[in-house]
Amino acid sequence: MKKRKKKGLSMLLGVAGLLAALSGCVLFGILHGERPYLQNGISEAVKPAGGEMAGLSGIDEPEQTRIILSQDGSSVSGPGADVSGNTVTIDRGGSYRLSGTLEDGQVYVDAGGKETVELVLDGVDITNLSDAAIHIENAGHTLILLEEGTFNRLQSGAEAEMEAAAQEDGQDAKGGALYARDDLSVTGTGSLQVFGYMNNGIHTTNHLSIDSGNIEVEALNNGIKGKDSVTVTGGSFSIRSGGDGIKSDDSTGDGYGMISIEGGEFSIQSQGDALQAETSLAISDGTFHIIAGGGSGNLFSRPQGSWENPDSGWDLSDMTQASAKGLKCGREIVVTGGSFFVDSYDDAVHSNGAVRILGGSLTLAAGDDGIHGDMELEITGGDIRITKSYEGLEANQISIEGGVVDIVADDDGINANGGPDGGWGWGRENTASKVKDMPNLTICGGEVKVDAGGDGFDSNGNISIEGGMVSIDGPSSNWNGAIDSGSENGGSCTVSGGIILAVGSSGMAETFDGSSTQCSFRHNFEHAYGAGSEVIIFDAEGNELFRHTAAKEMASVVFSSPELVLGETYILSVGGETVEITLDAVSTISGRRGGWGW
């Protein structure tokens, strides 16, 4: 069943505290020219241009300039810094150790475009009611070092309820509580608490790198933003944001607008997208607990029987919240490792181009799609559990080669659609992604399990099963089927390998084409069997070939296995009742012919 896509019109900001953690084949050859080369599982296209850690770690403490902040008058010991009122200005490269408190002041860096500045935060507490607490206007590179065992706090703007502040008329704040106009790095084992009550928390207009530290951010808009790129290799992060959690939004050239995460622990509660990269997002390790837009339960309901899906209680056409996705990017998401717990109002994982999952453990609950790629979705490994979704997997080209994929969907379990709008048919040029390809859903390996209220497998074009283990609990309603290919568009539905069992309603039940190279059968019963019914397939000698417990009411069974032999007889047992099926064709059809009703 196809759907309308929602349009974001407004954003409501929450003030609740951080929530606990929520309990192969090559992709159809080359789709649009050569695929980006994967090296060690990471596409060359998703490596940021900047983000290298730099600093003055070799400087001895006696050579540092020491700055003691005080509301009664800050003091400087050493060169490179001056005090004027409650503003400390650093005008040259070097290492500066800061401690003390400013209630309404600022550390301002203007050191020259080629200078490297190291700021050692050794227990600082800085609040600035009208600007950044630390403002780096000019420096070749700035390193923030969080001294071991210290607690540091930065705040911009007056403390206020985030929702009330966001709704103020005329608000056009820029920057962040920690703001840099050049490359910025954060390291060290100390703690940093950042409150961005004017706009963002940590913000640089260039490249941002973080390799360690215990960092907590609360921001009216974005929690952490590196406009050119964000690179994280370690650290502990607790982020609560009225906009996006971690963001990079520059699209001016290669290596920009990218987020790369190689490790760390992340707890993110965002009203916008939790991770948002304008171009590419690459994650190889880390632990992520994400709630975006209030989570998947933050939905508008609709009456039963709506035309979009008679079984659905969701009205996606009425959703008015702006984008609130878990992982989001404009071109390519590559996940090679990490542990993810995502609960999102919108898609849990979304790319306007391609999604490639090579490893990792992902537990996803989504108000819309579990994983969505406008063009491609490729899964070659990992453990993916989609516990709640409108549609589980969605893209124009979908390939599953390995891993474990377990999907619960209110509508389609896996949908190979005609383009990013999810519309009917294919072959039309879409202005968003230039999709012209026949949709393809290809399973080459892995273990795939689907529990769908709509179609289990749905393709507006082709479905091809070449290997793996597939079980589908499709719809109980006759509006949909466990398998639905795009035969009306010239598409095919074939099986050449693997073990497949698909159960569901009989009204629109489909099976594999006679051009398949592996035998299959479809049997429609005269009446429905209830949830919990045992579905068992035996050969003529009584050897059990497959066993499955139906998740819901069903009246049709499709089965294919390499053990099926043309001309042989098999026994299908459902709920204790048996029927003999002789394979008189590569794709054998028996029982009720289908149509509305059981």
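Which residue takes a positive phi in the hairpin of β5 and β6? That is a good place to start looking around this predicted model.

**Figure 1. The hairpin of β5 and β6 holds a glycine with a positive phi.** Gly85 is the residue to look for, with a phi near 65°. Two residues sit between the strands of this hairpin. Strand β5 covers residues 81–84, runs antiparallel to β6, and is joined to β6 by four bridges. If you'd like one pairing to follow, take Val83, whose bridge partner in β6 is Val88.

**Figure 2. Strand β6 has two faces.** Follow residues 87–90 and you'll see the side chains alternate. Val88 and Ile90 point to one face and are buried. Thr87 and Thr89 point to the other face and are not buried. Besides its link to β5, strand β6 is joined by four bridges to strand β8 (residues 106–110), and here the strands run parallel. In that pairing, Ile90 stands opposite Val109 of β8.

**Figure 3. Leu393 sits among the residues with the most contacts inside the largest nonpolar core.** As a rule of thumb, nonpolar side chains in soluble globular proteins tend to be buried together. In this model the largest such core has 98 residues. Ile202, Leu327, Ile371, Ile414 and Phe457 join Leu393 on the list of those with the most contacts inside the core. Strand β9 (residues 116–128) gives the core its largest share, five residues. Now zoom in on Leu393: leaving aside neighbours within four places in sequence, its contacts include Ile371, Leu377, Ile379, Val405 and Ile414. Gly413 and Asn415 are also among the contacts of Leu393.

**Figure 4. Another core lies apart from the largest one.** This core has 20 residues, among them Phe521, Phe525, Val535 and Val574. Two of those names, Phe521 and Phe525, come back in the next view.

**Figure 5. Phe521 and Phe559 form a tilted aromatic pair.** To describe a pair of aromatic rings, you give the distance of the centres and the angle of the planes. The model has seven aromatic pairs. For Phe521 and Phe559, the values are 5.9 Å centre to centre and 50° between the planes. Phe521 belongs to strand β47 (residues 520–529) and Phe559 to strand β50 (residues 554–560), so this pair ties together parts that are 38 residues apart in sequence. Phe521 is buried, at 0% relative accessibility, and Phe559 is buried too, also at 0%. Phe525 and Tyr529 make an edge-to-face pair, because their ring planes are at 75° and their centres 5.1 Å apart. Both Phe525 and Tyr529 are buried. Elsewhere, Phe237, Phe266, Phe288 and Phe340 form one aromatic cluster.

**Figure 6. Arg356 and Glu332 meet in a salt bridge.** The N to O distance here is 2.7 Å. Arg356 lies in strand β32 (residues 354–357) and Glu332 in strand β29 (residues 332–335), so the bridge ties together parts that are 24 residues apart in sequence. Are these two residues buried or exposed? Both Arg356 and Glu332 are buried. They also belong to a wider network: salt bridges with shared partners join Glu332, Arg356, Glu376 and Glu378.

**Figure 7. Glu147 and Arg97 meet in a salt bridge, and so do Arg92 and Asp91.** The model has 19 salt bridges, and this view picks out two of them. Glu147 and Arg97 are 3.0 Å apart, N to O. Glu147 is in the loop between β11 (141–146) and β12 (151–156), while Arg97 is in strand β7 (residues 94–102), so the pair ties together parts that are 50 residues apart in sequence. Glu147 is partly exposed, with a relative accessible area of 22%, whereas Arg97 is buried, at 9%. For Arg92 and Asp91, the N to O distance is 3.6 Å. Arg92 is partly exposed at 43%, and Asp91 is partly exposed at 37%.

**Figure 8. Cys329 and Cys519 are buried cysteines.** How many disulfides does the model have? The count is zero. Cys329 has a relative accessible area of 1%, and Cys519 has 10%.

Note on methods
Residues are numbered from 1 along each chain as its sequence is written. This is a predicted model: local features need pLDDT of at least 70, side-chain atom pairs count only at pLDDT 80 or more; totals for chains, interfaces and linings use all residues. Side-chain values use heavy atoms; hydrogens and water are left out. Rings of Phe, Tyr and Trp (its six-membered ring) pair if their centres lie within 6.5 Å; planes under 30 degrees apart count as stacked, over 60 as edge-to-face and the rest as tilted. Buried means under 20% relative accessible area, exposed over 50%, partly exposed in between (1.4 Å probe, protein chains only). A nonpolar core is a set of buried Ala, Val, Leu, Ile, Met, Phe, Trp, Tyr and Cys residues joined through side-chain atoms within 4.5 Å. Contact means heavy atoms within 4.5 Å. A disulfide is a pair of cysteine sulfur atoms within 2.5 Å. A salt bridge is a side-chain nitrogen of Lys or Arg within 4 Å of a carboxyl oxygen of Asp or Glu. Two strands pair if DSSP finds at least two bridges between them.
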